[in-house]
Amino acid sequence: MCMTGCRPDRKVENPLFVALNSQQTGLDFSNKLSYSPEFNLFKYMYFYNGSGVGAGDFNNDGKIDLFFASNQAQNKLYLNKGGLHFEDATNEAAIPNDGGWSTGVSVVDINNDGLLDIYVCRVGQFETLQSRNQFLINTGLTKEGIPVFEDRAAAMGVDFSGFSTQAAFFDYDTDGDLDMFLLNHSVHQNNNFRPRANFDATYDALSGDRIFRNDDESFTDVTRETGILSTAISYGLGIAVADINLDGYPDLYIGNDFHENDYLYINQKNGTFGEESGKWLMHTSQYSMGVDVADINNDAYPEIISVDMLPSDPYILKRSLGEDNYNLFHEKISMGYSYQFTRNNLQYNRRNGAFSEIGLYSGIAATDWSWAPLWVDFDNDGLKDLFISNGIPKRMNDIDYVNFVTSGEVQQKITNNDMQGKDLSLISKFPEIKIPNRFYRNNGDLSFADATTVVENNAPGFSNGAVYADLDNDGDQDIVVNNIDSPVLLYENKSVKGKEVDYLKLHLQGNGKNKNAIGAKVVLYTGGQTRTYENFPVKGFLSSMQVPIHLGIKNTKVDSLFVIWPDRTFTRIETPKDSSFFTVKYEQGLPLFAFSQITSAQQSVSWPVQDISSETGLSFVHKENRFVEFDREHLIPHMVSTEGPTTAVADINGDGLEDMFIGAARDRKAAVLLQQPAGRFAETPQPHLFADSIYEDTGACWADVNKDGYTDLVVASGGNEFYGEDRHNTPRIYLNDGKGQLTRLANPFDNIFSTASSVSATDFNGDGYPDLFLGGRTVPWAYGQIPRSCLLRNNRNGTFTDVTSQLAKELEYAGMVTSAQWF
């Protein structure tokens, strides 16, 4: 069964992009996959991850060419003939044809001869796959202008064989030449779901990530010296290089699949990296696939996107596994893994050493099984928009598939290599849900508008690796995607119309060891904005693009423009009046760029806050009892038993200083803290409160309920653990003796049982005695049903009467109250 997400032949008025087919472009490459008893989805869980694309001018004719990786067939090179038409030059270019399982593509001029080379990642030493990574060195052009390649990976020391995903070239040690980070992935056969500490200081020969230092075009493995993690749980699927903290040194973001944390490597400026994701990030996506980093709000600081597989279509959502259940989620946390959620994550750089995750706010959290996120300015307005490729033929989070593959019988067959034709035939019966790639326009306020509907001929499919480049040299960025079981899609950008020139294209020429100035940064000042563009070719998923830096300048007055070179020197650029494309060359002896020009100008407004808890004696630590409401009410969206603790402040001993009550969870002791003249707080023993520790305190207020001149404590009970007319669902009153010692008042409320959230006091009948409002939070075992709230009149004799129906019937079922205040 095959399902598709939209009509691919729909005409669009004034389209943003038009998808061109292989007959129009000549790009007839298709990453065709077929399984066998020897190698299939059950053997290799990344069977349907697809492969990548490389973009660059391989024959130096001024037009961007394309290289496509294949999982089971020959990789292909297509030369750009102009007019968005390409010709297959694979055979003439001597691209190897050994049937290896190719994954990521990296374009780089590694020997700085002016000809672009190609590093191809592959999977080896696993089941039937025995290939090694390739470094296809461009040896020169034929008389017909076709580049010819030769694999020299072995001679250069980078013919790694294992679970390779993608290579990124960058100068991590700032010695001027290009080193290589090799991103690898893992498989579950490694018995990897164990406490994270078990993998500390371990190195896996096939799955662990690597750094290779460039020593005059011969590479040395320096993984252990650099401080990066290289363990069996390196499920690396995405890599982006960027200067995260604007100090002029390249940092790394690594997206890891499954339970392993994403890595944020901050360059320590001494040849090592610190993994600082726990310091900078609150949470990440769980099944991180492709990643990209760029400044999306023009404040100079880069944002990070990682994509996951949350469906936006309700039908697909309902038939797919989602987040981990509560117990598994917290088990992972206890085992040392970070907070992770199954949706796209957009990390907004707060400019203070931390990120806020805003994917839901931004409107890009759910794009289904997503692979390549690319920050690219669609329409030259100076704002980086977002493209996401997506789709997978066999959905491994499909509930039917999960139930099938996790059965004891099937697991035993997989373990024993006994999956036969009948079992494998079930793969073809899995639903195939084709979905279109997604386009989002940047609104300029960290939110995005879905622009997919203004893309013409956007055929649903299974898209993986993707690149952007100005393929027809018309001034806007086109997009190319590598598809499984269907030809390549080329999205022609229709933004530039006529002879309008609303862009700049910069070709950077670096030093002799880094000819294309990888790691350089372009800074454009305009009005109150600081736009930054980094020259790191590897982006998205399994792909890279060594292309000119493209700046959209529609409706933009350029105040100044700089290139910051990889050695942190800079060149000020005077934009030519007669051209939108120009070359900027590195020179020796340039001045160093002061990054404080950016960081000091763009600092977040903040006020210093000092933690004085220990100095003041406020050392109370709230601890929740273990009660998992999801086990009892499976459709409850969040637990209401963990909404404490409650607090209430008043002068309870008449010394003119405010004191504090802090409520507690069930089976924990609440606290009364008396303020001392020096500003410290001292906890006082409260036997009556301690005797009631089985209650859950969810609301509290101080009020002189008996008018003896001393303020008393009223506590609402809740927590959603007790049901019906259980005494632990009753509110309580503790009378104050004037010295801060509390005694529980017996039976102040007649037949009031409520899983409450709050209690507040006022004299609503004007008799001089405080009356109460008790806010109902929920109905145990029936979340969503409106609980009853109460107006309680003080009878002036130590009891209260429910007068809600007489005085304010609308309050009786006002809703699921979280807080209430009289005013």
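Biologist: How much area does the protein chain expose, and what share of it do carbon and sulfur atoms supply?
Modeller: In this predicted model, the protein chain exposes about 32,900 Å², and carbon and sulfur atoms supply 49% of that area.

Biologist: What makes up the protein chain in terms of helices and strands, and how far does its C-alpha trace span?
Modeller: The protein chain holds 15 helices and 54 strands, and its C-alpha trace spans about 105 × 70 × 55 Å along the principal axes. Of the 823 residues in the protein chain, 59% are buried, a word kept for residues under 20% relative accessible area.

Biologist: Which share of the contacts between residues at least 6 apart in sequence joins residues at least 24 apart?
Modeller: That share is 61% in the protein chain, where a contact requires heavy atoms within 4.5 Å.

Biologist: Why is aspartate 216 called exposed?
Modeller: The relative accessibility of aspartate 216 is 72%, and the word exposed applies over 50%, so aspartate 216 counts as exposed. Aspartate 216 sits in the loop that runs between strand 13 (210-215) and strand 14 (218-221).

Biologist: What is notable about phi in aspartate 216 and in arginine 351?
Modeller: Most residues other than glycine have a negative phi. Aspartate 216, however, has a positive phi near 55 degrees, and arginine 351 likewise has a positive value, near 65 degrees. Arginine 351 is found in the loop between strand 23 (345-349) and strand 24 (355-357).

Biologist: Why does aspartate 655 count as partly exposed?
Modeller: Its relative accessibility is 37%, and the limits for partly exposed are 20% and 50%, so aspartate 655, whose value falls in between, is given that name. Aspartate 655 belongs to the loop between strand 43 (647-650) and strand 44 (659-662). From aspartate 655 to serine 614 there are 41 residues in sequence and 23 Å in space, C-alpha to C-alpha.

Biologist: How do you know that serine 486 is partly exposed?
Modeller: Serine 486 has a relative accessible area of 22%, and a residue must be under 20% to be called buried and over 50% to be called exposed, so serine 486 is partly exposed. Serine 486 is placed in the loop between strand 32 (478-483) and strand 33 (489-493). Apart from its neighbours within four places in sequence, serine 486 is in contact with Phe29, Ser30 and Asn31, whereas its C-alpha atom is separated by 47 Å from that of glycine 784, 298 residues apart along the chain.

Biologist: What makes an empty space a cavity, and what makes it a pocket?
Modeller: In a cavity a 1.4 Å probe fits but cannot get out, while a pocket is an open set. By this rule there are 10 cavities of 30 Å³ or more, and the largest cavity has a volume of about 430 Å³. Its lining has 31 residues, with Trp375, Tyr468, Tyr533, Glu534 and Lys539 nearest the centre. Among the elements that each supply at least two residues of this lining are strand 25 (370-376) and strand 36 (529-534).

Biologist: How much space lies in the largest pocket?
Modeller: The largest pocket holds about 1,000 Å³ of space. Of its 36 lining residues, the closest to the centre are Met45, His188, Phe258, Tyr287 and Met396. Helix 6 (326-334), helix 8 (399-405) and helix 9 (408-415) are the elements that give two or more residues to this lining.

Note on methods: Residues are numbered from 1 along each chain as its sequence is written. This is a predicted model: local features need pLDDT of at least 70, side-chain atom pairs count only at pLDDT 80 or more; totals for chains, interfaces and linings use all residues. Side-chain values use heavy atoms; hydrogens and water are left out. Helices (H or I, at least four residues) and strands (E, at least two) are DSSP runs, numbered from the N terminus. Buried means under 20% relative accessible area, exposed over 50%, partly exposed in between (1.4 Å probe, protein chains only). Accessible areas come from the Shrake-Rupley method with a 1.4 Å probe; for residues, only the protein chains shown count as cover. On a 1 Å grid over the protein atoms alone, a cavity is a set of points where a 1.4 Å probe fits but cannot get out, and a pocket is an open set with protein on both sides within 12 Å along at least five of seven lines; lining residues have an atom within 4 Å of a point. Grid points are joined across faces, edges and corners, and a volume is the space filled by probe spheres set on the points.
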